[in-house]
Every structure is written in C-alpha cells, then in structure tokens.
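User: Please take one loop residue with an unusual backbone angle as your starting point, look closely at how it sits in the chain, and then carry the same careful reading on to other parts. I am in my first year, so please explain each term when you use it.

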Amino acid sequence: MEVKLAFPQDRPPLSIISAAKVAGVPLTIDPTLASGSVPTLHFSSGDFIHGVNTILRYIARAASVSSFYGRDAIQAAHVDQWLEYAPLILSGSEFEAACSFLDGYLAPRTFLVGYSLSIADIVVWSNLTGTGQRWESLRKSNKYQSLVRWFNSVAADYADILDEVTSAYVGKRGIGKSPAPSLKEKMPGLKESTSGHQIDLPGAKVGEVCVRFAPEPSGYLHIGHAKAALLNKYFAERYNGRLIVRFDDTNPSKESNEFVENVLKDIETLGGKAYVDDTPKEQMRSERMDGVESKCRNSTVEENLSLWNEMINGTKRGTQCCARGKLDMQDPNKSLRDPVYYRCNPDPHHRVGSKYKVYPTYDFACPFVDALEGVTHALRSSEYHDRNAQYYRVLQDMGLRKVEIYEFSRLNMVYTVLSKRKLLWFVQNKKVEDWTDARFPTVQGIVRRGLKIEALIQFILEQGASKNLNLMEWDKLWTINKKIVDPVCGRHTAVLKDKHVLLTLTNGPEEPFVRILPRHKKYEGAGKKATTFANKIWLEYADASGISVGEEVTLMDWGNAIIREIKTDDGTITQLVGELHLDGSVKTTKLKLTWLSDIEDLVSLSLVDFDYLINKKKLEEDENFLDNLNPCTRREALALGDPNMRNVKHGEVIQLERKGYYRCDVPFVRSSKPIVLFSIPDGRQKSTSIVSGA
C-alpha cells in the first residue's frame with residue numbers, strides 16, 4: 001500500500017521521516033502543504049491521518065524493527081510519554097533544561113525505554129538534531145556526557161539512514177520549531193498560534209513541576225475557571241510535570257458533585273497555634289476589622305478541647321463554634337487576624353454522609369493539601385493576593401514545605417456575569433434551559449455554542465502572565481475559533497423556509513442528476529457530498545430581490561445563468577425564470593448565489609441564534625444585573641437544507657454557505673423533526689445575532 005507524507009516545505013517533520021526510515025516503512029514525500037499546516041499521512045485506500053504523534057504511533061506499529069513501540073503495554077505507555085515530551089526540545093527557552101533532564105535520565109541507561117531501540121530514541125534524537133548548530137555546539141562540549149554518549153550511539157548504529165535525512169532537511173540553523181502535539185496540535189490550513197505566547201513558571205524544573213486545579217463543586221465550571229484549569233494543564237505539559245485535579249468540597253451545605261479529598265486534622269496538631277471560638281459571626285467579623293482579640297483567644301487547652309468535641313459531635317453548642325488560627329490581631333493584612341480554620345456543619349456531606357461534622361475552610365485546607373500532595377506551584381488568581389500571606393503562614397505553622405504561588409489575572413468577559421449565584425438565578429427562573437445552555441459562559445455552554453477548546457487555550461495563552469484585570473471581548477475568542485473550524489468543517493447549503501423564491505431554468509436538465517462534490521474544496525478530510533442539479537431551484541428571497549431582468553448571475557458549484565423574467569404579486573417576488581449560461585465567466589458576475597434543487601429530499605432545519613444575557617458591556621459592583629437583562633436572547637428561523645445534512649453528527653461544526661458557521665445540537669432523526677443548528681459567532685459582528693429577520 002502506497003503511503004504519502006505531506007508537510008510544509010519550511011517545516012519538514014524530521015522525527016517522522018527519520019522514524020519511517022529506521023522502521024522500514026516506505027513513504028512518498030510531498031512537501032507542498034501550506035506553511036503552518038500539520039503533517040498528514042495519505043494512504044492509497046483514500047484514508048489519512050493527521051498530526052505528528054498520531055503518525056509516529058502508526059509508524060511504530062507498522063515497523064519491521066522489533067519492539068519499536070516497546071515490548072509490552074507498559075513500555076508502549078513510556079514511549080507515548082517520550083513522544084509527548086520530545087517537542088519541548090525545540091521550544092527555544094526550554095532547550096537547555098531539556099538537555100539537562102535527558103542527561104540525568106540517560107546516565108544509567110542505554111535507551112530511553114527498556115533495553116532496545118524504540119521510536120522514542122529516534123524522535124528525541126531527531127529533535128536534538130533539528131536544533132542544528134545549537135545542539136552541535138553542546139555535543140562538542142563536555143557538559144552533557146551521558147546525553148552525548150547516547151546520541152552518538154544512535155547515530156553510529158543508523159549512520160547511513162540518519163545522515164541521509166539530516167543532510168536533506170537540517171541546516172546550521174536547524175529545521176525550526178517542530179509542529180508540536182498536545183496543546184499546539186492543529187489541522188491543515190491553521191497558522192501556528194501558541195508558540196509565540198509561551199509563559200514561564202518561576203523556579204520550574206522540567207520533570208519536577210506539580211500543579212493542581214481545585215474547583216469548588218457548587219456549580220458548573222465557567223470560562224473563568226477554564227483559565228485556571230488550562231493554565232495548570234499548560235504548565236504541567238510544558239514542564240513534563242503532573243496535574244492534580246481535586247475538589248474543594250469542604251462545605252456540605254453547598255456541594256453536590258464528587259468529593260476527592262477531605263482533610264481533617266485534630267485540633268492538637270496545630271500545636272497551640274489555634275483556639276476554639278464561640279463568638280457570634282457578625283461580632284467576630286467586626287472584631288477582626290478593628291483588631292480586637294476574642295475573649296476565647298487565651299482559653300486553656302482543656303477548654304479548647306471541650307468545645308472542639310462539641311464541634312466534632314455536631315451539637316447545637318458545637319455549631320456555634322469555629323477553630324481559629326492564633327496569628328496576629330494587629331497585622332495590617334487583615335487576612336492574618338486569626339482566620340477561621342475549621343467550621344462545624346452537621347449537614348450530611350454528599351459523599352461521606354454524616355461521618356464528619358467539622359470541615360476545614362478553603363484557606364486552611366488548600367495550602368495543607370498542596371504541600372501534602374507534592375504541589376510545587378499553586379496557581380491563584382490575583383484577587384487572592386492579600387490572602388497569600390495566610391497561605392504561607394499555614395505552611396510555616398504546620399511545618400510543611402514551601403509551595404510557590406503563581407498569580408494570574410482573573411478573566412472577565414463583556415456582557416457576561418460569572419458569579420455562580422447570578423448564573424443560578426438564570427437557571428432557576430427558566431431564562432435558560434440549564435447550565436449547559438449555549439448562552440451561558442459555562443464550559444459546557446460555550447462548547448455547545450460551537451467553541452473549540454483549542455481556541456480557548458490559545459485565547460488564554462495569548463493573555464500571557466499579566467496580573468492586570470482585563471475585560472475581554474468575546475469577538476477575539478470567536479475570531480480564533482473561526483481560524484480553527486474554517487479550514488476543516490464541511491460546507492452545506494440552506495435557504496430560509498419562509499423567504500425563498502423558485503427559479504425555473506428553461507434549459508435546465510430534464511431529469512435531475514447528481515454530482516459528488518467535496519464538502520470542503522481545500523480539505524479532503526471533510527469528505528464528499530451528493531449535490532442534485534435540477535431545472536427548478538430555490539434561491540434566498542434576499543438574493544432574488546437584488547437581481548434585475550437580463551442580469552447574469554453565478555450559481556455556486558454549477559455555473560452562470562441569465563435571469564429572463566421576474567414575477568411579482570403586489571410588489572413581492574413570487575418566481576424567477578432564467579436560463580443556464582454555463583459558458584459564461586464567473587469573473588464577470590456581481591452575484592454569486594447559493595441554491596437548492598426543488599426536490600423532496602430536502603431536510604428541515606431550525607437555525608438558532610443567540611444574544612448576550614445582559615445588555616450592558618460591564619456591570620459595576622453596585623449595579624443589579626436584574627436591571628440589565630436582555631429581553632430577547634434566543635431567535636429561531638426555519639430553513640431547508642441539502643439532503644447531505646442527514647449525515648451531520650451531533651456536535652459537528654459545519655458552514656452554511658454565505659450564512660456562517662453552525663454546530664449541530666440535534667441531528668437528523670426523522671423528516672418531521674428539524675435538525676437543530678446553533679449559529680457560531682465568527683468575531684466580525686458587534687452583536688452575536690446572525691439570523692436576520694428571525
């Protein structure tokens with residue numbers, strides 16, 4: 001079976017070419033893809049696969065070399081880890097750190113995985129080679145002896161093959177940045193977007209970073225949470241580290257989702273640096289503001305333990321108490337004025353039931369669990385800046401190792417509320433379907449609207465490490481999203497059901513006929529579609545109203561036609577009559593029109609468009625969001641679509657020619673039920689409304 005590797009000439013995938021040569025997998029080279037495209041492997045069967053690591057895994061499985069993908073499932077998993085790590089070598093600022101890590105790792109080893117050569121060795125070798133003179137300079141030094149020993153061994157064993165590839169594709173400056181997988185993977189036609197927006201993590205070491213994402217499970221994650229989650233994921237992947245996901249569900253009155261870790265420590269472990277306080281909440285708040293010590297601050301150990309037992313048992317007396325850290329009531333940072341560490345809450349916990357009555361506060365549990373689980377860097381939004389001192393104080397008082405705090409700016413979007421309390425109001429008052437409504441800023445909501453996670457990742461990374469609070473435009477995010485979906489999504493045609501006009505072509509085909517056309521003219525992977533050509537076709541009313549008698553127009557994917565007659569009824573166009581002029585030049589026509597043949601197989605569509613839930617760009621702190629509700633946030637228009645749309649899957653993104661991009665929310669079930677398509681903003685319009693006249 002013939003296999004063709006297509007890639008951009010300015011970015012040859014050295015790792016793929018080298019691995020295929022060593023593995024004995026023959027490839028035909030086609031360096032004609034547009035700059036910025038990801039490598040694609042085409043098979044003579046018509047099938048194809050995309051992406052560096054996907055192709056490498058195929059080569060590893062198809063190799064004639066023994067154990068090229070490891071000797072067992074565990075070794076195969078280790079190979080996969082190295083494939084994910086290898087692009088770091090080409091990431092510029094990480095080159096030296098990667099070499100240092102590899103040198104230490106290879107000190108006792110001959111190969112990266114197991115006791116024989118695997119594709120992991122070839123890929124890492126290729127990426128080192130791909131840096132050109134930078135690696136050659138290090139190679140001649142004595143800095144990384146274990147790494148150089150391994151590199152020279154691989155080069156000697158496969159000298160003829162690797163020398164041939166290197167001389168063909170690597171110059172003194174190297175091959176440039178390899179199309180990296182993971183966060184940066186993309187489909188043909190996309191420009192590289194995140195490589196210029198790398199963010200450094202202070203004090204981070206490759207292979208040693210551990211970060212965590214710890215949401216409170218009292219509501220669905222929204223785009224603000226997504227920033228924290230994706231930044232953590234980004235740093236874990238960039239530094240070949242670990243990402244821990246845990247739930248801060250230490251308040252059983254609020255949480256309802258799965259509980260991951262519940263931390264309870266006996267009051268005695270605080271070593272006299274805490275006390276139990278039964279001061280009423282409002283009085284306690286006032287005393288903390290004024291720097292007044294609580295009457296319970298100097299209670300004896302016996303008195304503290306007595307009230308602690310009341311808390312543990314969840315008695316009425318216990319519910320009136322809390323455990324506070326004994327810090328400094330005069331500290332100018334009020335978060336250090338004897339903060340609350342534990343509260344008594346007898347409500348059943350959604351996972352452990354009534355087993356516990358005492359729960360730690362977030363500010364106490366977070367640093368404790370971070371240190372316990374090996375977190376090296378805790379990412380926190382800058383709104384918590386004043387509480388950082390309390391975080392470090394807990395670590396100090398508990399005798400725990402230090403965890404670095406990395407601050408990032410909170411994400412705020414125009415015309416959007418992110419408060420869980422406010423979002424809950426929309427759900428409870430039936431202003432939206434549920435938390436996954438496409439008008440909601442929840443992750444599930446914006447994905448349902450048609451946003452690709454890759455776009456969200458790029459959007460967040462482009463903001464960099466700024467700690468300034470910014471109000472971001474949705475248009476910027478949707479513009480990035482368009483660049484991701486446009487090169488790959490299938491094209492279809494639709495006309496509005498109550499606003500379409502019949503065009504009769506007098507010299508059109510006597511019987512309808514079908515042609516198989518690509519769903520995307522520039523992306524073979526989108527597949528094919530069957531287009532029916534007939535002598536009666538539907539046009540959009542808006543298009544028909546812009547045509548003059550005798551005008552020549554272009555029918556897209558067919559050819560030109562000349563309009564000979566326009567029939568009207570009381571000023572309303574009812575029908576057009578024309579004739580095909582397929583020899584006419586499309587360059588001479590002003591109007592390029594979408595159309596559908598008048599056949600029974602057309603499918604019913606519901607085109608749904610959305611607008612913002614509030615009508616003010618930014619709500620001030622003293623403003624009530626209820627005073628700024630948008631009265632009309634959902635619009636629907638019925639349409640007819642081409643028969644191929646029966647095959648559009650749930651969640652698939654398509655483009656309706658000359659209308660825009662849509663995500664399929666409800667696919668075809670039966671003729672009497674319309675396919676539901678949600679319009680996806682493309683970043684060009686001020687409003688998100690696209691369906692005109694709906």
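Analyst: **A loop residue and its wider setting**

Ser67 sits in the loop that runs between helix H2 (52-62) and helix H3, where helices (H or I, at least four residues) and strands (E, at least two) are DSSP runs, numbered from the N terminus. The model is a predicted one, in which local features need pLDDT of at least 70 and side-chain atom pairs count only at pLDDT 80 or more, while totals for chains, interfaces and linings use all residues. Residues are numbered from 1 along each chain as its sequence is written, and side-chain values use heavy atoms, with hydrogens and water left out.

What draws attention to Ser67 is its positive phi of about 60°, although it is not a glycine. Most residues other than glycine have a negative phi. Ser67 has a relative accessible area of 15% and is therefore buried; buried means under 20% relative accessible area, exposed means over 50%, and partly exposed lies in between (1.4 Å probe, protein chains only). Asn240 also has a positive phi, near 55°, and is likewise a residue other than glycine. Asn240 belongs to the loop between helix H9 (223-238) and strand E6 (242-245), and because its relative accessibility is 30%, Asn240 counts as partly exposed.

Following the chain from the loop of Ser67 into H3 leads to aromatic rings. The whole structure holds 27 aromatic pairs, and one of them is formed by Trp82 and Tyr85, edge-to-face, with 5.5 Å from centre to centre and 90° between the planes. Rings of Phe, Tyr and Trp (its six-membered ring) pair if their centres lie within 6.5 Å, and planes under 30 degrees apart count as stacked, over 60 as edge-to-face and the rest as tilted. Both Trp82 and Tyr85 lie in helix H3 (residues 73-85), three residues apart, which is about one turn of the helix, and both are buried. Phe610 and Phe678 form another edge-to-face pair, at 4.9 Å centre to centre and with 85° between the planes. This pair links distant parts of the chain, for Phe610 is in strand E26 (residues 603-610) and Phe678 in strand E30 (residues 675-680), 68 residues apart. Phe610 and Phe678 are both buried. Ring pairs can also join into a group, as they do where they link Trp308, Tyr341, Tyr342, Phe364 and Phe368 into a cluster.

Rings also meet charged side chains. Arg109 lies over the face of Tyr105, 3.9 Å from the ring centre, and the charged end of Arg646 sits over the ring of Phe668, 5.0 Å from its centre. A charge sits over a ring if NZ of Lys or CZ of Arg is within 6 Å of the ring centre and within 35 degrees of the ring normal.

Tyr105 falls within helix H4 (residues 95-106), which packs against helix H6 (residues 133-140) at an angle of about 40°, with their axes 12 Å apart. Axes are lines fitted to C-alpha atoms, for helices over the stretch in contact, and angles run from 0 to 180 degrees between N-to-C directions. H4 and H6 are therefore oblique to each other, since angles under 35 degrees count as roughly parallel, over 145 as roughly antiparallel, 65 to 115 as roughly perpendicular and the rest as oblique. H4 passes H6 in a right-handed crossing; a crossing is left-handed if the near helix is turned anticlockwise from the far one by less than a right angle, and right-handed if clockwise.

Finally, two further buried residues deserve a look. Glu407 lies in strand E12 (residues 404-408) and counts as buried because its relative accessibility is 11%. The side chain of Glu407 makes a polar contact of 2.7 Å with that of His385, and another of 2.7 Å with that of Asn388. A polar contact is a pair of N or O atoms within 3.5 Å; within protein, one must be able to donate a hydrogen and the other to accept it, and residues adjacent in sequence count only if both atoms are side-chain atoms. Asn628, in the loop between E26 and strand E27 (634-641), is buried, with a relative accessible area of 11%. Asn628 and Tyr415 are 213 residues apart in sequence, while their C-alpha atoms are 9.7 Å apart in space.
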